[in-house]
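Reader: Hello! I'm new to this structure and would love a close look at one part of it, the surroundings of the ligand. Could you walk me through that part and then show me how the rest fits in?

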Amino acid sequence: MTRSHQSVWTQEDYDNYIEAVRARPVYEPPTAFAIGLASHTLVNAGEPEVMFGGAQVLDTWYPHVNLMEHFDTAAVLADVTGHSTGSASRSLSRTNIEMVLRIFGPLEGDGKYHPNIEILKALHQLLTSPDHTKTLVPQTVVVTFIGSLDDPPVDVHDCYLRLHLLSHRRVQPRSINLSGLIGLLPNVLWTSEGPLAPETFEMAKLQCLARGVHLRVFGVDKFPHMTDYVVPSGVRVADASRVRLGAHLAKGTTVMQEGFCNFNAGTLGPSMVEGRISQGVLVGAGSDIGGGASIMGTLSGGGKEVITIGDGCLLGANSGTGISLGPGCQVQQGVYVLSNGPIRLQPEGTVVRTWELSGRPNLRYWRNSLTGELEAGPTKAAVQLNPELHTKQ
Ligand SMILES: CC(C)(COP(=O)(O)OP(=O)(O)OC[C@H]1O[C@@H](n2cnc3c(N)ncnc32)[C@H](O)[C@@H]1OP(=O)(O)O)[C@@H](O)C(=O)NCCC(=O)NCCS
């Protein structure tokens with residue numbers, strides 16, 4: 001720091017300071033960064049306000065994410081927390097936040113909206129609120145920097161920032177490195193009182209009962225519900241438990257109760273989702289994934305093909321596919337287009353392997369009810385989404 005953190009900052013001080021930090025040879029601006037609120041393991045349920053060193057991180061919520069932007073803010077946060085380059089998460093103490101807010105003083109009243117500053121102010125208020133120490137789950141404020149999204153995540157905070165970037169639609173599924181993410185994420189008990197480590201359940205429940213609170217458990221999983229962290233604009237999610245954080249739902253997407261969307265997967269335009277979108281799957285604009293339909297994933301079960309469903313496709317009710325569908329394809333109700341195996345191509349009548357048709361546009365797939373054979377041929381008419389269901393969401 002070139003200037004005392006205690007004094008009042010002028011615009012000139014601010015400009016000089018930013019220039020000095022950004023000019024440091026060791027400093028590299030992050031690709032992405034965000035200020036977050038992290039929950040930690042309830043190490044001692046009897047004293048929830050006491051957070052022991054090394055308490056496990058359970059989750060991190062980032063009210064705002066920054067991707068290739070707000071470089072001055074990143075420089076201030078990096079300097080105050082001692083970060084210089086690469087990916088890392090740093091704790092932001094109350095004193096740190098006060099320091100940062102003082103540095104940002106000259107921006108006060110400049111008529112512009114500064115989302116990161118607003119969040120810091122709100123978090124400062126939260127940390128100083130007497131109610132904060134009464135929460136069951138100990139929380140800390142962190143700032144997470146990601147040097148490059150091509151490199152794998154380095155810690156739990158980093159994993160959560162990548163999942164937020166996906167659900168905020170700042171990055172598309174399959175476009176960032178998520179290797180090792182599942183291993184880094186802890187298994188968490190998602191409850192009405194916040195995230196808990198599964199092994200602290202009994203003590204936490206007893207403690208809640210003592211306060212007259214009935215602790216509800218919504219799941220035990222590595223991923224929380226997306227809508228507890230990110231609510232993207234222009235989407236409908238009928239049952240929040242069916243969409244994991246890290247799902248990418250484009251504007252105009254409706255996920256009905258039977259629908260499901262995993263992390264690093266989702267839709268690229270208005271679509272109706274009444275079936276399951278597995279990890280890594282992309283669904284194009286104007287597509288309809290019918291009730292109970294299944295799209296083969298690659299996380300478990302040996303599936304290797306990462307599936308893309310093109311624009312304007314229809315997966316009929318209880319159908320499924322193990323290959324990619326090109327734009328304008330339709331799979332009849334109840335028909336599974338296997339990832340491999342023979343299929344008769346009509347009207348020629350030639351037999352090919354299903355994977356040879358992967359990604360081919362305007363094909364209709366059905367199982368011939370007279371011969372039992374899986375068949376494919378040109379579609380007759382395009383399928384349109386019901387406009388009433390996908391506008392004004
Ligand atoms: C795939 C689908 C869109 C095709 O619809 P389509 O283009 O109108 O096709 P048709 O049903 O008219 O069938 C075309 C021809 O194939 C024949 N055919 C259809 N299914 C057949 C089958 N399983 N075996 C043998 N012949 C079949 C039809 O008899 C028809 O023959 P014709 O032209 O001599 O009359 C439709 O069958 C379908 O499955 N829709 C799904 C609806 C749905 O589930 N939506 C989601 C709700 S949650």
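Author: Sorted by class, the shell around the ligand holds three nonpolar, eight polar and four charged residues. Please keep in mind as we go that this is a predicted model. The ligand has 15 residues around it, and those that come nearest are Ala-317, Gln-332, Gln-333, Arg-367 and Ser-369.

Let's take some of these contacts one at a time. At Ala-317, a polar backbone atom is 2.8 Å from an oxygen atom of the ligand. Gln-332 uses its side chain: an N or O atom there is 2.9 Å from a nitrogen atom of the ligand. With Ser-369 we are back to the backbone, where an N or O atom lies 2.9 Å from a nitrogen atom of the ligand. How much of the ligand does the protein bury? Taken alone, the ligand exposes 970 Å², and the protein buries 55% of that. Among the elements, strand 26, which covers residues 363-367, gives the most to this shell, with three residues.

From here, it is worth turning to strand 24, residues 342-345. One face of strand 24 is covered and carries Ile-343 and Leu-345, while the uncovered face carries Pro-342 and Arg-344. There is a general pattern to compare with this: in a regular strand, side chains alternate between the two faces of the sheet.

Strand 24 has two partners to look at. With strand 25, residues 350-353, strand 24 runs antiparallel, and four bridges join the two. You can find one facing pair by looking for Ile-343, which stands opposite Val-352 in strand 25. The two strands form a hairpin with four residues between them. In that turn, look for Gly-349, whose phi is positive at about 85 degrees. The other partner is strand 27, residues 374-378, which pairs with strand 24 in the parallel sense over two bridges. Here Arg-344 has Glu-375 of strand 27 as its bridge partner. So, which face of strand 24 does Arg-344 belong to? Arg-344 is on the uncovered face, together with Pro-342.

Another set of strands makes an open sheet of four, in the order 10-13-16-19, with parallel pairing. Its edges are strand 10 (247-248) and strand 19 (308-309), each of which pairs on one side only. Inside that order, strand 13 (residues 265-267) and strand 16 (residues 282-283) are joined in the parallel sense by two bridges. To see the two strands face each other, find Gly-266, which stands opposite Leu-282 in strand 16.

Next, let's stop at a single residue, Thr-191, in strand 6 (residues 188-191). Is Thr-191 buried or exposed? Thr-191 counts as buried because its relative accessibility is 9%, and the cut-off for buried is under 20%. Its side chain makes two polar links to the backbone: one reaches the nitrogen of Glu-193 at 3.0 Å, and the other reaches the oxygen of Gly-194 at 2.6 Å. Setting aside neighbours within four places in sequence, Thr-191 is also in contact with Leu-196, Leu-215, Arg-216, Val-217 and Phe-218.

Helices deserve a visit too. Helix 2, residues 71-81, is mostly covered, with nine of its eleven residues buried. Among those buried are Thr-73, Val-76, Leu-77, Asp-79 and Val-80. The buried residues of helix 2 pack against several elements, including helix 1 (11-23), strand 1 (32-40), helix 3 (94-103) and helix 4 (115-128). Just after helix 2 comes Gly-82, which has a positive phi near 80 degrees.

Helix 4 brings us to His-124, which lies in that helix. His-124 is buried, with a relative accessible area of 18%. The side chains of His-124 and Glu-98 are joined by a polar contact of 2.7 Å. Leaving out residues up to four places away in sequence, His-124 touches Arg-94, Ile-97 and Glu-98.

Finally, step back to the whole protein, which has eight helices and 27 strands. Its C-alpha trace spans about 85 × 55 × 40 Å along the principal axes. Of the 393 residues in the protein, 49% are buried. The protein exposes about 17600 Å², with carbon and sulfur atoms supplying 53% of that area.

Notes:
Residues numbered from 1 in each chain as written. Predicted model: local features only at pLDDT ≥ 70, side-chain atom pairs only at ≥ 80, totals over all residues. Heavy atoms only, no water. Buried < 20%, exposed > 50% of the residue type's maximum accessible area, 1.4 Å probe, protein only. Pairing = 2+ DSSP bridges. Near = heavy atom within 4 Å. Polar contact = N/O pair within 3.5 Å; in protein donor to acceptor, adjacent residues only side chain to side chain. Areas by Shrake-Rupley, 256 points an atom, 1.4 Å probe, with all protein chains shown as cover. Nonpolar A, V, L, I, M, F, W, Y, C, P; charged D, E, K, R; others polar. Contact = heavy atoms within 4.5 Å.
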